[in-house]
Amino acid sequence: MNPTYDYAFIGSGISSTFTLIHFLEKLKSQDHPGFQSIAVIDKYPEFHNGIPYGKRSGHTTLLITSLRNFLPKPELSKFVPWLNKNKRWLLSEFKEKGGPLSKEWLDKNENELRLNDWEELFIPRSFFGYYIDEKIKILVNHLQSRNIIKVHYVHGKVENLSHLGQDWSICMENRDSMVAKKAILCIGSLPTNYLFRNKKIVEKDKFLLLNNLYIPELGKNIDKIRSFVKSFKDDEVVVSIIGANASGLEILYQLNDHPEIKEKIGNYYMVSSQGLLPDSTIDLEKLNSYRTKNLDALNDEESVKASDIAQAVYQDLDLAEKIGLGAASTVKIISQKFGSLLCKLNQEELENFACFYGNQIGRRQRCAGEHYASTAAFLKKKGIFSHIAGRFSTIKKETTGYFLEYTNSKGQSNRVPQPINLIINCIGSMDLNHKKIPKPLKNLISSGIVTANKSQIGIKVKEKLEA
């Protein structure tokens, strides 16, 4: 007989964990809660952290924003005391696992760390992973000891969900199945688009392509890169990173935090659509005189469209760029201003903003910590880092090696000037039209249970986030 649960959480990343914590805290506050049987299912053996905050991202990757901007209150006010309490072993592990750039981070932030002044730091992401894992386990153990819940952790891959009366039948890849009264879908972002060939890794003579840094995990892929570059006797390795998102910055940093890899690399080419790295410098003097004239003008309008807000944001960002003010300086004030205007949008326009304009604004507001950004700046100063504005086209094998081809903003075909030895794929994820989307989503869409929203990267939901 198939096991039956009251709730099944499909996916165990950070959104799943926060939802589960919120639900369990509600049960904890009730005088006489009924017993609840809960299944938490994940295709990876690690639960509660997802890719960013667990071992798949390793111990030394940093937040892409400051802690203050990463974690809202009241959670921030709970996390900081936990950091203070666990600081000694957290920093010791970070130092042990890291290389020279990690040591540089510790040295640079020595005073703030000594004073427990965490909020402006771009801390290692693993710190938050340890915190959230401990928090959920304490809560689960407490409620299980009171016989209020029983949480069953299931390591496996969900293949399909289907109606079973008023319940859900959840079919696993290994043909096991279970029944749940409610199914909570927490499977995270869609998978990365693969380049060149539909393989996680393509390895040829003096050529290595990594299509997903986090499968099986970053640390193992760093080990693979280390072995690969060591095979080059006298030649220098030429690296191309496709994409300038958080993962692109992360791998650039990681390659330079491992001396035995760093010393073998002779040149870096980063290829991204805009050809720009996220901004990291806050100019308080210029920010003090900066005004969001176009967004402010919309405050007097009774109703606005999503496109009106987006246009005002672009115009105000253009004004900032004219005075040399980057996204790191303006992201807070711009976000606050357009956020206060969203209440003027009707339901359809709010959906338009969420599905289209919000993502576009985000591309112009990309920020990163100085520690990540300074790696690229240092390499550029040495003359071994080039950032190319273009979109990946293909990889061509010729007698002298593998050449990476791209299309520039004018639609013209170009190629990176040197043969590339190591390509690391850091481009965005696929959309719901892609034939390789995960099977649960493909089956839910084909059965008509869910539909894609206007963005084609998310599911259309009702007011209570039900699909």
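**Exercise 1. Determine how many disulfides the structure contains, and account for Cys171 and Cys426.**

A search of the whole structure finds 0 disulfides, a disulfide being a pair of cysteine sulfur atoms within 2.5 Å. This is a predicted model, in which local features need pLDDT of at least 70 and side-chain atom pairs count only at pLDDT 80 or more, while totals for chains, interfaces and linings use all residues. Residues are numbered from 1 along each chain as its sequence is written, and side-chain values use heavy atoms, with hydrogens and water left out.

Step 1. The closest cysteine sulfur to that of Cys171 belongs to Cys186 and is 19 Å away, which is too far for a bond.
Step 2. Cys426 is likewise in no disulfide, since the nearest cysteine sulfur, in Cys367, is 19 Å away.
Step 3. Buried means under 20% relative accessible area, exposed over 50%, and partly exposed in between (1.4 Å probe, protein chains only). Cys171 counts as partly exposed because its relative accessibility is 29%, whereas Cys426, at 2%, counts as buried.

**Exercise 2. Describe the pairing of β4 with β5 and locate the partner of Cys171.**

Step 1. Helices (H or I, at least four residues) and strands (E, at least two) are DSSP runs, numbered from the N terminus. Two strands pair if DSSP finds at least two bridges between them.
Step 2. Strand β4 (residues 158-164) pairs with strand β5 (residues 167-172) in the antiparallel sense, over 6 bridges.
Step 3. Cys171 in β5 stands opposite Asn160.
Step 4. The hairpin of β4 and β5 has 2 residues between the strands, and Gly165 takes a positive phi near 65° there.

**Exercise 3. Establish the strand order of the open sheet that contains β13, and state which strands stand at its edges.**

Step 1. The order of the 3 strands is β12-β13-β14, with antiparallel pairing.
Step 2. β12 (391-398) and β14 (413-415) stand at the edges; each has a single partner strand, so one side of each is left without a neighbour in the sheet.
Step 3. β12 is joined to β13 (residues 401-407) by 7 bridges. Within this pairing, Lys397 has Tyr402 in β13 as its bridge partner.

**Exercise 4. Check the span of helix α7 against its number of residues.**

Step 1. The expected span of a helix is 1.5 Å times one less than its number of residues.
Step 2. For the 21 residues of α7 (residues 125-145) this gives 30 Å, and the end C-alpha atoms are 31 Å apart, which agrees.
Step 3. After α7 comes Asn147, whose phi is positive, near 60°.

**Exercise 5. Identify backbone departures from the usual phi sign and peptide geometry.**

Step 1. Most residues other than glycine have a negative phi, and most peptide bonds are trans.
Step 2. The bond from Lys73 to Pro74 is cis, with omega near 10°; Pro74 is placed in the loop between α3 and α4.
Step 3. Ile215 and Pro216 are also joined by a cis peptide bond, with omega about -5°. Pro216 lies in the loop between β8 (207-210) and α8 (218-230).
Step 4. His48 has a positive phi near 80° and occupies the loop between β2 (36-42) and α2 (50-53). His48 is buried, with a relative accessible area of 2%.
Step 5. Gln456, in the segment after α17 (439-446), has a positive phi near 65°. With a relative accessible area of 25%, Gln456 is partly exposed.
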